[in-house]
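Look at the fold below. We will walk through one sheet, the helices beside it, and then an enclosed space.

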Amino acid sequence: MPEDWLSPRARDAESAVPGGFDLSECVREPIHLLGGVQSHGTLLAVAADGGAVDTAAANTLDVLGVPAAELVGAHVTRVLAVEDWAEVCQSVGEDGEACALQVEAGPEGGRRAFDLYAHRSGSLVVLEFEPRDAGQEFRFSGFYQGIRRALARLRSTVDVLDSCRAAVREIRALTGYDRVVAYRFDGPDGPGEVLAEDVTDTWESWLGLWFPATDIPPQARRLYEENWIRVIGDVDDPTVGLVPAVRAATGMPLDLSGAALRTVSGFHLEYLRNIGVRSSMSVSVMREGRLWGLIACHGAGPVRPAPEVRSACELFAAAFSLQLAALEERERADALAGAAGRAASVAELLDTDVEMSLPAHGPAVRALVGADSAVLVRGDRSVATGVPVPAALVAQLRQRAAGMDSGAVWATDRLGECLADEEVRVPGLEDGPAGVLLVRLTSPGDFLAWFRAERPMPRKWATDPAAPVRVGPRGERLTPRGSGEVFRSVTRGRSLPWKPREQAAAGELGRMLTRLVLRHAEELAVLNEELRMSNTDLDSFAHAAAHDLKEPLRGISNAATFTMEDAGAELDPTSVRRLQSIQRLAGRMDELLNSLLHYARLGQAGLRRVEVGLDEVVDAALEVAGPRLAQERVRVVREAPLPRVAADPTRLYEILVNLLVNAAKYAADRPDRMVRISVEDVPAHGGTETDTTTAGPGSASGSGRTERAVVVRDNGIGIRPELQADVFDLFRRLHGPTEHGGGTGVGLAVVKRIVERHGGRLWLESEPGSGTAFFFTLGESPAASPGESPSAPLDEAPAAPLDEPPAPPGARPTA
């Protein structure tokens, strides 16, 4: 048994005891291998496949009339009838089931009545003989009626406490002990609390007292799970040894885990003596295969309950365990009945974007289970409401949720202890929550959790929990308490426990959120597919329209030109003017179609993201935009050096050409005309009401996160506030076709589309008469998608911005 089972307080108390009492020795003691039995009966261990006696108690001469030395190696029928041995073998079988018989045992001609208990232990059948004296005949009728009444009273109880009260009353009536208590453990290795008690008037009450975990160490708890009843007839009973003391086959004493006559640890005997108990009986109360608690019986004098009484108590305890399970199941069913309605009322408040709607309805979400705070984690995002929760704790719970099944619920009111058991240290947990109720959502690691703060709980202890060990009057033995002593303490690190109805409501809300998210994901997938098809159709239409319309448009322009050339002087001035209008309008239409064709191609072409120097791209852009800037006497200023960025060089070049030419077009009438190119840190979701894009996942205003933006800032004529959102629309110009150098109104729409293709954002800040600043980001740099085609290198980029009027063949921009 590991020594670290002991609490730090127990170890401190142990080290302070005069004489050096070793509490860990009590914890490690192999109580199933003590090598002895109680003296009021005797024991034989017999080979199952041959019937030879392997081990015998040393008192077989007194009890069975044959010395142990003669029995070891002999056949068991030396003291047991052949037919009784056959019945035992048939009853215990290979499954290890125990059986009880009334037999005549002893040497031929000297046999007497015994109660025989048999159970399987590996290759051995262990036989326990307890003499049945005259006058102990079993009267079934009276006994049955008593048990029947006791079980009927137990079935009529309405809750756990009521059941415990009924159990102690009925067990005391059946056995006659001076005190019977119902004792519940606080967790598998925790201390125990007395929930109910029936006690004689001359004894002090233990009701409501807590007893340290060291009173019943782990190995004793395991035996209580295997052997549901344990009787100690007299604490002063001399232990009877075994012959042989150590089995040759194992080199160890006989394993007596399943033996009712198993002798008692000296530590436990001293424990009983020091609380004034001469005899005891403990009956296990089980829940789902684990030890829930005990029904503990104490007597002032020796008490050895008759076999049928012990059987009745064991049967009653089994019924008590089932009753507790039924009460718990009923409570769970009642909780589920109301949970769906309460959870649905909260779910109705949350829309499909759960992360965004949770904070707005935080009070209702927390009130559903009476929590101080709540956290929703989905993917790499988390939102919280209520009292802050340490980020390290959220990360730790994400790992726990990843190992849970979808929809599973986990709750604890002692979070610190759970993490300590897992050897996890969470910074800030000392002042953080003490309880958590978590429901796992669909994806691994996704969860919704509620938290409760610490609620200090007062406890009354039957001994000082800081000093569970003292030296007793009989030497260095466990002395748990003195008569009448009550120690008060406050238990820290616990929250209020989560009730079944709260756990049921959490599970229901988790299931509803899962359905909501899945439905939203399906709807979103359908909409995305429809949008993809629409965009594909739109791009195809725009490309086809721009390409196919150019041919008839060229024919119209040529027809007008040929008419003017052929007719010559025969045309009147009005006809010439009209034909010239046809030529001009055909040229304008050709510009628009060229712009539309380029815009459509942006939707079909892939991106070739590489790391490129921003200075290199600015230099390339100035080769086209520079002459126009020089013509308008606009000076270019830029930071030196500009950083490197991850972008498609061709598309980044196109962005800068359009923004620089715009600065030239809309320069103000002032001597210090200037455009400045820089890189600035901006909030992760910055911008004004002119912001044309939506922030990516995980970004939020005021989050404190920043990102880098390229800024092209001029001191030109500016844009009125009511028109700022319009400048990014396709074919939208704020001035006449011939004002400010003309153009088609496509340039900024193209810039916006390129930025969006990069996963970035584009926005502007402007004040009429003071200039305009265009900001754009380029998003993250994802891996290239399959099928994306690389863009053209810089020297293959368009030679002029889209809003420039078409230049005649061979013409070049002038300075």
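Start with helix 18, residues 649-665. Helix 18 lies across strand 26, strand 27 and strand 29, and runs at about 170° to strand 29. Helices (H or I, at least four residues) and strands (E, at least two) are DSSP runs, numbered from the N terminus. Axes are lines fitted to C-alpha atoms, for helices over the stretch in contact; angles between N-to-C directions run from 0 to 180 degrees. This is a predicted model, where local features need pLDDT of at least 70, side-chain atom pairs count only at pLDDT 80 or more, and totals for chains, interfaces and linings use all residues. Residues are numbered from 1 along each chain as its sequence is written, and side-chain values use heavy atoms, without hydrogens or water.

Now the sheet. It is open, with five strands in the order 24-26-27-29-28 and mixed pairing. Two strands pair if DSSP finds at least two bridges between them. Which are the edge strands? They are strand 24 (635-638) and strand 28 (762-767), and each pairs on one side only. From one strand to the next, the twist averages 25°. Helix 17 (residues 614-631) also packs on the sheet. Helix 17 touches strand 24, strand 26 (674-683) and strand 27, where contact means heavy atoms within 4.5 Å. The direction of helix 17 makes about 170° with that of strand 24.

Zoom in on strand 27 (residues 706-714) and strand 29 (residues 771-776). They run antiparallel, joined by four bridges. Val-711 stands opposite Phe-775 in strand 29.
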